[in-house]
Amino acid sequence: MAGFTSKSLTLVKVAALASSILAAQAQADMVVIVNPENPITSLSKKDVQRLFLGRMHQFPDTNIKVESIDNSESSEEYERFYATIINMNKSKLKRYRAYYLFSGKGRLPTQIENTQKILNYISTTKNAIAYMDEANINNTVKVVYPD
Amino acid sequence: MFRVILAGIIFLLAMSSHGDDDWRFSGFASLGAGRIYADDQRAIGYENEWSFDSDSVLGLQLDKEISEQWGFTGQIVANGFNYTGEELYTPELEWLLLRFEPTGDMQFRFGRVRNPLYLYSTTLEVGYTYPWVRPSANAYPSFLDPFKHLDGMDFVYNTSHGDVDVEYQIFAGRTSAEFRELDITAHSVFGANIITRWSDFTWRFNTEILDVSILAPTTDPLKDGFEAAASNALILALSPQAAEEFLYISNNLESRHKQVNYLSTSFMWEPGLWVLMSEVMYFRNEDNNFSNDADGFYISLSYQFNDITPYVTYGEFHNYFSDGITDRITATESLIPVGLDQNLDGLRDLTSASLKNYNTEQETIVLGFRYDFHVQASFKFEVEYFNFIKNTSGSFFVEDPTANPDDGLMTSFVIDVVF
């Protein structure tokens, strides 16, 4: 009986470990992409935050103006990107975006409601930047975060 | 005039916006209600029964990216409360600007822009953006309302130093507005605003210099009274010094082109689901006669439990109106004693009393919560306790000025929406 309990505990531990690895992998899967012609080769997490929160309107050390692309607000990728990379939960982000929008500062990220369309847009727009699950990217775009 | 321009612009924009993706139409609305609990007290339009106007507002905004470097923003706001005496919900132009971005890190904005007096200057009417029913009147005092926007320009430069993001803003402009039967004009406003963000911290510092004129019809008879006293034969015979003093008082009951220095700072710390924030304001007239000196602050703490965010706020406000001139009026009693001239005694008493009416001091405590029941909407409820200091009635208006209430209570709720 004691052996069985210990075995189940081990199984539980293995399952917990496996799920935490899977969860970690799921988070690591989110990448930030740009057009292959964009001279930027890598971005820090801080720069990604600045670009998507409207605190920086051009790619670092360039004079290329940024057009940031958001997936649909109801998409899983949107929520995962802002929670894990921008460190903002949905309600905080919504408050921040409203503050930004009604402050006369200009453009919010352009919303494109489909991963394939985002991929097409990035592959044809030199100054655009977007995020995506790594599983969905192809060689028409360049990953700049994580480098 | 601005309204006519606005109507024209909105019409043109609306006509040409059909099917154009570069146009962005957005808005915000609040439906609020509140009451206080004493028959002879009033505050921001609330009385001793529930009413639905003072915290209610509707705003519409139109944004257009004209080109890679040029953009336009226009915003009109219809407010359920104002200090101008205009009809409630009269649409006001709050933003009307052309934005020029020569590079991605700098913006020039021309037109009607917000004066960055506070942390939430830009979204004063957008309740959804802040935690409370309304920002604390201790750091957002009503008398600054005439200066909330400027017709002029600003320049914003965004940069970073390591992990610290900094937004520098300089601005210049003018503005005028009615405020409780006073005609207030800021002939010029110059200032700078800096917002620094690092990790969970935000810090803001603002300083500005305003050249202000206040036309106050209620003080004109007092001014004329002191002018007459200065040339009164009896007074001239008794004390030429008193006559000189009365002329000085008369001249100083007019407030034109007075220099005002304004300083404010805000601090916000957001570790995880906690938010601790505070703002301090400091308003000083260079002149100490017909003038207003004020300082105030609040500190607010909140914690987000899923969709519900309870908060507590403590604040203080101190307003010292015309202390210099009140002291000089009292000092004339040693030159022309009380009892010698009834008219003069009445004038001195009335002037001192009416200037004293502008003095307000208070401390307040707010307990409330915000419930984010929808991704674009929130419900807030709060109770605010006002402790009035030094025989004033704080930001409350009391029907009987001799009543001197010790405290006041306000309950309010609001539904805020952005779209």
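Two strands pair if DSSP finds at least two bridges between them. The strands themselves, and the helices, are DSSP runs numbered from the N terminus, a helix being H or I over at least four residues and a strand E over at least two.

Good morning, colleagues. The structure before you is a predicted model, in which local features need pLDDT of at least 70 and side-chain atom pairs count only at pLDDT 80 or more, while totals for chains, interfaces and linings use all residues. Residues are numbered from 1 along each chain as its sequence is written, chains are lettered from A and ligands numbered from 1 in the order in which they are written, and side-chain values use heavy atoms, with hydrogens and water left out.

I begin with the strands of chain B. S6(B) and S7(B) run antiparallel and are joined by nine bridges; here Phe108(B) stands opposite Phe155(B) in S7(B). S7(B) also pairs with S8(B), in the antiparallel sense, over eleven bridges. In that pairing Thr159(B) faces Val166(B) in S8(B). A hairpin is formed by S7(B) and S8(B), with two residues between them, and Gly162(B) in the turn has a positive phi of about 65°.

In chain A, an open sheet of five strands follows the order S3-S2-S4-S1-S5, with mixed pairing. Its edge strands, each pairing on one side only, are S3 (110–111) and S5 (142–145). Within the sheet, S1 (residues 30–34) and S4 (residues 128–133) of chain A run antiparallel, joined by five bridges. Met30(A) has Asp133(A) as its bridge partner in S4(A).

Next, a helix pair in chain B. How do H5 (residues 323–331) and H6 (residues 342–356) of chain B pack? Their angle is about 160° and their axes lie 10 Å apart; axes are lines fitted to C-alpha atoms, for helices over the stretch in contact, and angles run from 0 to 180 degrees between N-to-C directions. H5(B) is therefore roughly antiparallel to H6(B), a term for angles over 145 degrees.

I turn now to empty space. On a 1 Å grid over the protein atoms alone, a cavity is a set of points where a 1.4 Å probe fits but cannot get out; a pocket is an open set with protein on both sides within 12 Å along at least five of seven lines; lining residues have an atom within 4 Å of a point. Grid points are joined across faces, edges and corners, and a volume is the space filled by probe spheres set on the points.

The second largest pocket has a volume of about 910 Å³. Its lining has 36 residues, and the closest to its centre are Arg55(A), Met88(A), Lys92(A), Met268(B) and Glu270(B). H4(A) gives the largest share of this lining, four residues.

How many cavities of 30 Å³ or more does a search of the whole structure find? The search finds two. The largest has a volume of about 150 Å³. Among its 17 lining residues, Pro116(B), Thr122(B), Gln169(B), Asn193(B) and Ile195(B) lie nearest its centre. The elements giving two or more residues to this lining are S6 (106–114), S7 (149–161), S8 (164–179) and S9 of chain B.

The second largest cavity holds about 100 Å³ of space. It is lined by 13 residues, with Gly54(A), Tyr100(A), Lys105(A), Asn158(B) and Glu167(B) closest to its centre. H4 of chain A, together with S6 and S7 of chain B, each supply at least two residues of that lining.

Thank you for your attention.

Conventions. Parallel < 35°, antiparallel > 145°, perpendicular 65-115°, else oblique.
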